[in-house]
Amino acid sequence: MNPIEIGQGKSFKGLARYLLHDARQEGELSRTTSERVGWVQSFNLDGASGDTAWRLMAATALTAGDLKEAAGIKKGKPATNTVYHFALTFPQSDALTEDIERRSVEGALKALGLEEYQALAVKHSDTEHQHVHV
């Protein structure tokens with residue numbers, strides 16, 4: 001397994017559009033098909049589907065100050081770039097099962113100290129190398 005940090009940003013919607021749908025073709029504004037998506041799993045979102053998960057994550061980020069205030073925590077400065085994106089890639093020679101891929105995501109989240117954060121994992125099957133985006 002090879003983790004690759006892709007980066008940080010602020011658009012849950014944009015990233016979800018990329019993760020949950022097929023890649024746009026030249027000249028297309030958007031793509032709604034999802035043939036390249038092998039499986040989707042949300043974390044700390046009560047089993048939410050991919051489309052619901054990104055909306056819940058965006059809502060949490062947008063209302064973080066109010067949530068902190070309601071919990072009695074000092075608000076502080078508003079967070080920016082609340083979207084974190086990384087991928088796990090696997091050698092073609094590895095005979096992976098879906099269960100191994102999912103457990104790899106759980107292990108990566110734990111290793112990064114993100115196991116208590118909301119997350120969305122999406123397996124893509126449109127390239128020769130096996131990979132999962134988180």
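The dialogue below works through the pockets, salt bridges, cores and two single residues of a predicted model.

Me: Before we start, what should I keep in mind about the numbering and the values?

Reply: Residues are numbered from 1 along each chain as its sequence is written, and side-chain values use heavy atoms, with hydrogens and water left out. Since the model is predicted, local features need pLDDT of at least 70 and side-chain atom pairs count only at pLDDT 80 or more, whereas totals for chains, interfaces and linings use all residues.

Me: How is a pocket defined, and what is the volume of the largest pocket?

Reply: On a 1 Å grid over the protein atoms alone, a pocket is an open set of points where a 1.4 Å probe fits, with protein on both sides within 12 Å along at least five of seven lines, and lining residues have an atom within 4 Å of a point. Grid points are joined across faces, edges and corners, and the volume is the space filled by probe spheres set on the points. Here the largest pocket holds about 960 Å³, and 34 residues line it, with Phe12, Met57, Ala61, Thr82 and Val83 nearest its centre.

Me: Which elements give two or more residues to the lining of the largest pocket?

Reply: Helices (H or I, at least four residues) and strands (E, at least two) are DSSP runs numbered from the N terminus. For the largest pocket, the elements giving two or more lining residues are α1 (12-20), α2 (50-62), α3 (64-70), β3 (83-90) and β4 (119-124), and α2 supplies the largest share, six residues. By class, where Ala, Val, Leu, Ile, Met, Phe, Trp, Tyr, Cys and Pro count as nonpolar, Asp, Glu, Lys and Arg as charged, and the others, Gly among them, as polar, this lining has 22 nonpolar, eight polar and four charged residues.

Me: What lines the second largest pocket?

Reply: The second largest pocket, with a volume of about 150 Å³, is lined by Lys13, Ala16, Arg17, Leu20, His21, Asp51, Trp54 and Arg55. Helices α1 and α2 each supply at least two of these residues, with α1 giving the most, four, and the lining divides into three nonpolar, one polar and four charged residues.

Me: How many salt bridges are there, and where does Glu101 find its partner?

Reply: Side chains of opposite charge can pair when their charged atoms come close. Under the rule used here, a side-chain nitrogen of Lys or Arg within 4 Å of a carboxyl oxygen of Asp or Glu, the count is five salt bridges. Glu101 pairs with Lys123, their closest N and O atoms being 2.6 Å apart; Glu101 lies in helix α4 and Lys123 in strand β4, so this pair ties together parts that are 22 residues apart in sequence. With buried meaning under 20% relative accessible area, exposed over 50%, and partly exposed in between (1.4 Å probe, protein chains only), Glu101 is buried at 4%, and Lys123 is buried at 12%.

Me: Which salt bridges join residues within helix α4?

Reply: Among them is the bridge between Arg102 and Glu98, at 2.6 Å from N to O; these two residues are four apart in helix α4 (residues 98-111), about one helical turn, and Glu98 is partly exposed at 39%. Asp99 and Arg103 form another bridge, with their closest N and O atoms 2.9 Å apart, and they too are both in helix α4, four residues apart. Asp99 is partly exposed at 45%, and Arg103 is partly exposed at 49%.

Me: How is a nonpolar core read, and which residues have the most contacts inside the largest one?

Reply: In soluble globular proteins, nonpolar side chains tend to be buried together. A nonpolar core is a set of buried Ala, Val, Leu, Ile, Met, Phe, Trp, Tyr and Cys residues joined through side-chain atoms within 4.5 Å. The largest core in this model has 15 residues, and Phe12, Trp54 and Val122 have the most contacts inside it. Elements α1, α2 and β4 each give two or more residues to this core, and α1 gives the most, five.

Me: Is Glu35 buried or exposed, and what is it in contact with?

Reply: Glu35, in the loop between α1 and β2 (37-43), is exposed, with a relative accessible area of 71%. Taking contact as heavy atoms within 4.5 Å, and leaving aside neighbours within four places in sequence, Glu35 is in contact with Asp22 and Ser125.
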